[in-house]
Amino acid sequence: MGREMLEIISPVEGGIYVDATVGLGGHSEMLLGKIGQTGKVVGIDRDDNALARTAERLVDSRLILKKGSFSDMETILHSQGIDVADGVLLDLGVSMMQLKDLDRGFSFNSKERLDMRMDSSQELSAWDVVNGYSERELVRILKEYGEEYRAVKIVRSIIHDRNKKSIDTCTELAEIISRAIGRTGKVHPATKTFQALRIEVNKELDELKKGLDASLRILRIGGRLCVISYHSLEDRVVKHFIKERAKADIVKQLLKKPLAPAIDEIRANPSSRSAKLRGAEKL
Ligand SMILES: C[S@@+](CC[C@H](N)C(=O)[O-])C[C@H]1O[C@@H](n2cnc3c(N)ncnc32)[C@H](O)[C@@H]1O
């Protein structure tokens, strides 16, 4: 949703922009194209691989790449002598690179160890959650973060199997879930559980709330915030955040309804179909 992102952020020559989820730098590259010689883009990501690949691909003195969580964006920006930004972009979730890299253990097709850490230096992994959390905690996570109404059935199967031997790989877990709730339709029965585990491992909703607050603090008056989310849990947080601040005259809501990707983008990249883009301007 690059075109729509540019419309919301409205980058200008000499502006300072924060791409708080730089990934492979697609959006940063678009911003760099609009900010002239004196502008700057600070690209943040908690994934070392993504940063290394972007650093190799985009060699540009106007782009500063920093490892970290976007909840820490103020500290990261202050360390670069930046106190205010003209625009902040949050393009949430995991990248295709992370999902397709089977070693990272995000996908139920991966024969590798359950992992799902965006930041590989973090301690907590999906293996720890699946093998270490109590039955009650697992049910809560699957219900809250996966909106999985069959949570109890799935978790009972997990507990039954892990009492015999630890559940080590993504495919092992996917098979346990398939056996517990059966396979119907096109969507893999483990989809919701995997989403829930990923959100728990990376504390994604907590990060999002803190990241939104930090974005508003760092934006100058008139600065723009653009958020692209990929599932309803994230979008709900963003929607309420903007609505509440708009009511309090802290921001102006830039779109009545979120933007969805154009048909040609969905055709080229089917995983973009659930994307929703929202925008706000700081008052
Ligand atoms: C959807 S991808 C972004 C793709 C990027 N816009 C591009 O053009 O390539 C999301 C990225 O955000 C990163 N990410 C997710 N949550 C994060 C957080 N709390 N702090 C920093 N990076 C995060 C992920 O590691 C991933 O690389």
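Which residues of helix α3 are buried? In this predicted model, helix α3 spans residues 48-57, and its buried residues are Ala50, Leu51 and Thr54. Viewed down the helix axis, these buried positions fall within an arc of 95°, so they line one face of α3. The partners of that buried set are two strands and a helix: β2 (40-45), β3 (63-67) and α5 (96-100). The start of α3 has a polar feature as well, since a side-chain oxygen of Asp47 comes to within 2.8 Å of the backbone nitrogen of Asn49.

Asp47 also leads on to helix α5. A polar contact of 2.7 Å links the side chain of Asp47 to that of Gln98, and Gln98 is a residue of α5. With a relative accessible area of 4%, Gln98 is under the 20% cut-off and therefore counts as buried. Apart from neighbours within four places in sequence, the contacts of Gln98 are Asp47, Arg104, Phe106 and Met118.

Gln98 brings the ligand into the picture. The shell around the ligand holds 22 residues, of which Asp45, Phe70, Asp91, Gln98 and Glu207 come nearest. By residue class, the shell divides into seven nonpolar, 10 polar and five charged members. Several polar pairs involve nitrogen atoms of the ligand. One such pair places a ligand nitrogen 2.8 Å from a side-chain N or O atom of Glu207. In another, the partner is a backbone N or O atom of Phe70, at 2.9 Å from a ligand nitrogen. A polar backbone atom of Arg46 lies 3.3 Å from a nitrogen atom of the ligand. Taken alone, the ligand has 610 Å² of accessible area, and the protein covers 92% of it.

A further helix worth a visit is α10 (residues 191-201), which contains Glu200. How buried or exposed is Glu200? Its relative accessible area is 6%, which means that Glu200 is buried even though its side chain is a charged one. The side chain of Glu200 makes a polar contact of 2.9 Å with the side chain of Lys203. Beyond four places in sequence, Glu200 touches Leu124, Val129, Tyr133, Arg140, Ile141 and Tyr145. The partner Lys203 sits in the loop between α10 and α11 (204-218). Lys203 is partly exposed, at a relative accessible area of 38%, and its phi is positive, near 50°, in a residue other than glycine.

Thr193 is another residue of α10. Thr193 is buried, with a relative accessible area of 1%. Leaving out residues up to four places away in sequence, Thr193 touches Leu142, Glu148, Ile154 and Ile177. The C-alpha atom of Thr193 is 8.3 Å from that of Tyr145, although the two residues are 48 positions apart along the chain. Tyr145 is also among the residues touched by Glu200.

Where else does a positive phi turn up? Met116, which is not a glycine, has a phi of about 70°. Met116 belongs to the loop between α5 and α6 (126-132), and at 0% relative accessible area it is buried. Near the N terminus, Ser10 follows α1 and has a positive phi as well, near 50°.

Helix α1 itself covers residues 2-9, and six of its eight residues are buried, so this helix is largely enclosed by the rest of the structure. The buried residues are Gly2, Glu4, Met5, Leu6, Ile8 and Ile9. What do the buried residues of α1 pack against? Their partners are β1 (16-19), α2 (26-32), β4 (85-91), β5 (219-229) and β7 (276-282). Gly2 also gives a view across the sequence: Asp264 is 262 residues away from Gly2 along the chain, with 13 Å between their C-alpha atoms. Asp264 is part of helix α13 (residues 263-268), and at 49% relative accessibility it counts as partly exposed.

How values were computed
Residues numbered from 1 in each chain as written. Predicted model: local features only at pLDDT ≥ 70, side-chain atom pairs only at ≥ 80, totals over all residues. Heavy atoms only, no water. Near = heavy atom within 4 Å. Polar contact = N/O pair within 3.5 Å; in protein donor to acceptor, adjacent residues only side chain to side chain. Areas by Shrake-Rupley, 256 points an atom, 1.4 Å probe, with all protein chains shown as cover. Buried < 20%, exposed > 50% of the residue type's maximum accessible area, 1.4 Å probe, protein only. Helix = DSSP H or I, 4+ residues; strand = E, 2+ residues; numbered from the N terminus. Arc of directions from axis to C-beta. Contact = heavy atoms within 4.5 Å.
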